[in-house]
Amino acid sequence: MTSSTKELDALYQDYAPALRRFARRRVGAQESEDIVQDIYLHALERVDIANLESPRAYLFRIAANLSVDAIRRDRIRSHFVEETAHAAPPPEQSPSGDAIATLMEHQKLRAALARLQPLHREIFLLKRLEHLTSAEISARVGVSVRTVERHLARAIDEIRRDFGL
């Protein structure tokens, strides 16, 4: 075990229960465990643990950000579910060709979004649904503006490919 891994393990032992409670209050029990794991994955990948001035504050800031992201993802999913439900015609009516085409396009878009890498999908949805700037997305997901733009371009390319464009 490397010293960074040992330090991270010690932080996990010290703060995981409190972080779990913190996240549970915001997003519920199911999502809170995922958030705690993501916190430590984020810390392992992006930070030199030994050089953190305030590890507790850093971990709780990540927890707050990930909780907000989880709430937004749920809101976006709910929006798509509602939109898809409203697009489907009532069972007693026979659907028009346009309604069927619209429903198929929604389903095709949902499938294309599901195939994107999670970070590509998140950046795409933040840009297209929440109309955030690349700088705002960068601050939210913790990557550079240039990386946001690359991920967004890849997401758009993949979706276009799925639609045969």
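How many salt bridges does a search of the whole structure find? I ran it and got five. Note to self: this is a predicted model.

**Entry 1: the salt bridges around R72**

I started with D69 and R72, whose side chains form a salt bridge with 3.8 Å from N to O. Both sit in helix α3 (residues 55-87), three residues apart, so about one helical turn separates them. I checked burial next: D69 is buried, and R72 is too. For R72 the relative accessible area comes out at 17%, and the cut-off for buried is under 20%.

R72 has another partner. Its side chain also meets that of E130 in a salt bridge, 3.3 Å from N to O. R72 belongs to α3 while E130 is in the loop between α5 and α6, so this pair ties together parts 58 residues apart in sequence.

**Entry 2: on to E130 and R140**

Is E130 buried or partly exposed? I get 25% relative accessibility, so E130 counts as partly exposed.

From E130 I followed a salt bridge to R140, 3.4 Å from N to O. This one links the loop between α5 and α6, where E130 sits, with helix α6, where R140 sits, ten residues along the chain. R140 is partly exposed as well, at 21% relative accessibility. Putting the shared partners together, I have D69, R72, E130 and R140 joined in one salt-bridge network.

**Entry 3: the buried side of α6**

Since R140 had brought me to α6, I looked at the rest of that helix. It spans residues 134-141, and S134, I137, S138 and V141 are buried in it. Why do they fall on the same side of α6? They cover an arc of only 105° around the axis, which puts them there. I then asked what covers these buried residues, and the cover includes α2 (29-46), α5 (118-128) and α7 (145-162). Just after α6 comes G142, with a positive phi near 80°.

**Entry 4: α5 against α7**

Two of those covering helices also meet each other, so I looked at how α5 and α7 are arranged. Their axes come within 8 Å and cross at roughly 95°, and I therefore logged α5 and α7 as roughly perpendicular to each other.

On the α5 side, the contact residues are L119, H120, I123, F124, K127 and R128. They meet V148, H151, L152, R154, A155, I156, E158 and I159 of α7. I sorted the residues of this contact by type and got eight nonpolar, two polar and four charged.

Key. Residues numbered from 1 in each chain as written. Predicted model: local features only at pLDDT ≥ 70, side-chain atom pairs only at ≥ 80, totals over all residues. Heavy atoms only, no water. Buried < 20%, exposed > 50% of the residue type's maximum accessible area, 1.4 Å probe, protein only. Helix = DSSP H or I, 4+ residues; strand = E, 2+ residues; numbered from the N terminus. Arc of directions from axis to C-beta. Contact = heavy atoms within 4.5 Å. Axes fitted to C-alpha atoms, helices over the stretch in contact; angles between N-to-C directions. Parallel < 35°, antiparallel > 145°, perpendicular 65-115°, else oblique. Nonpolar A, V, L, I, M, F, W, Y, C, P; charged D, E, K, R; others polar. Salt bridge = Lys/Arg side-chain N within 4 Å of Asp/Glu carboxyl O.
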